[in-house]
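Student: I should like to understand how the terms used for a protein model are justified. May we go through them one at a time?

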Amino acid sequence: MLGGHDAHYLHVLWVAVSVVGVAVIATLAVIYRRAARRHELEEAERILAEDD
Amino acid sequence: MESTVRLSQLMSMTVGERPATRAQETMLTVLAIVSALVLSAVWGLAAGSSSPELALADAYKVPMVILLSAVTALPAGLVALRLTSAKLGGAELASAFASSIFGGTLVLATLAPLVAIYYHTSAKAGVPLAMGSVFVALATASMLFARAVARRMDGLQGRGGSRLAVFVLVVIFLAALLQFVALASPIIGVHGTALENGIDGAFWR
């Protein structure tokens with residue numbers, strides 16, 4: 001067993017780090033949505049600048 | 001249509017092209033990570049195909065192991081970048097890292113059918129082939145990462161600092177990967193492999 005720990009301890013540890021992983025994925029979703037909004041704004045500004 | 005364009009842009013970023021804007025780079029970085037998770041899940045299905053339960057578990061475990069290793073390594077790379085006063089930005093390092101992980105998992109997913117067929121048709125070559133596909137993917141990702149950072153440093157000073165950051169990131173990613181694989185074991189085969197005992201199994205058997 002890893003580091004002398006029993007199977008139950010390692011299972012709890014895996015669940016805990018999995019929760020961190022899920023939180024990271026949720027954070028990535030938020031970052032993507034913000035970047036997509038900023039990208040749309042930049043595209044709109046670019047099109048307006050081209051029209052001018 | 002838009003997803004096809006995004007994937008095309010992601011492939012371009014993986015081979016070293018820079019996105020036009022910072023917002024686009026951020027979007028492609030996140031897309032690279034999400035795509036890498038999906039591609040590694042495909043390999044997980046193949047590596048765990050000795051039983052349906054293991055295949056389903058691996059489709060979750062392999063992407064999680066890669067994501068957690070990347071999250072563990074990234075802060076160290078950013079600190080190395082700052083301490084060496086490298087001209088490369090933290091977001092650029094993260095972007096290059098994400099695209100190289102995407103490249104590595106693309107190799108894993110490409111080799112997944114081969115891994116699966118050997119698993120079911122060879123008593124001796126299945127596990128070594130699965131392990132080999134991991135090492136090929138790791139080597140590919142490391143090379144892509146070094147190349148992406150080198151292209152971003154074109155014309156800039158302080159290349160030594162960014163090289164050191166790449167080295168630190170890769171070493172810490174591998175060290176974290178080894179232990180997360182051990183924590184999530186078994187991944188390859190029902191009984192696992194030597195690497196699935198972590199650093200103790202790899203060096204002090």
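Student: Which residues have the most contacts inside the largest nonpolar core?

Tutor: In this predicted model, they are A32(B), A36(B), V65(B), I101(B), V115(B), F145(B) and V181(B), and the core has 66 residues. The elements that give two or more residues to this core are α1 (2-14), α2 (22-47), α3 (52-83), α4 (90-121), α5 (126-152) and α6 (159-184) of chain B.

Student: What does F145(B) touch, leaving aside residues up to four places away in sequence?

Tutor: F145(B) touches A96(B), F97(B), S100(B), V166(B) and V170(B). Contact requires C-beta atoms within 7 Å.

Student: How many helices and how many strands does chain B have?

Tutor: Chain B has seven helices and zero strands. Read from the N terminus, the order of its elements is α-α-α-α-α-α-α.

Student: What makes chain B as compact as a globular protein of that length?

Tutor: Its radius of gyration is 17 Å, and the globule rule gives 17 Å for 205 residues; the two values are close, so chain B is as compact as a globular protein of that length. Buried residues make up 45% of the 205 residues. Among contacts in chain B with a separation of 6 or more, 67% join residues 24 or more positions apart.

Student: Why is L156(B) called exposed?

Tutor: A residue is exposed if 12 or fewer other C-beta atoms lie within 10 Å of its own. L156(B) has 11 such neighbours, so L156(B) counts as exposed. This residue lies in the loop between α5 and α6 of chain B. K87(B) is 69 residues away from L156(B) in sequence, yet their C-alpha atoms are 6.9 Å apart in space.

Student: How do you know that the span of helix α1 of chain A agrees with its number of residues?

Tutor: Helix α1 of chain A covers residues 7-51, and at 1.5 Å a residue these 45 residues should span 66 Å. The end C-alpha atoms are 65 Å apart, which agrees.

Student: Why is α1(A) said to lie largely in the open?

Tutor: A residue is buried if 20 or more other C-beta atoms lie within 10 Å of its own. Of the 45 residues of α1(A), the number buried is one, so this helix lies largely in the open.

Student: How many residues of each chain are in contact across the two chains?

Tutor: 17 residues of chain A are in contact with 16 residues of chain B. The side of chain A that touches chain B has 12 nonpolar, three polar and two charged residues.

Methods: Residues numbered from 1 in each chain as written. Chains lettered and ligands numbered in written order. Predicted model: local features only at pLDDT ≥ 70, side-chain atom pairs only at ≥ 80, totals over all residues. Helix = DSSP H or I, 4+ residues; strand = E, 2+ residues; numbered from the N terminus. Expected span 1.5 Å × (residues − 1). Rg over C-alpha atoms; globule rule 2.2 N^0.38 Å. Nonpolar A, V, L, I, M, F, W, Y, C, P; charged D, E, K, R; others polar. Core = buried A, V, L, I, M, F, W, Y, C linked by C-beta atoms within 7 Å.
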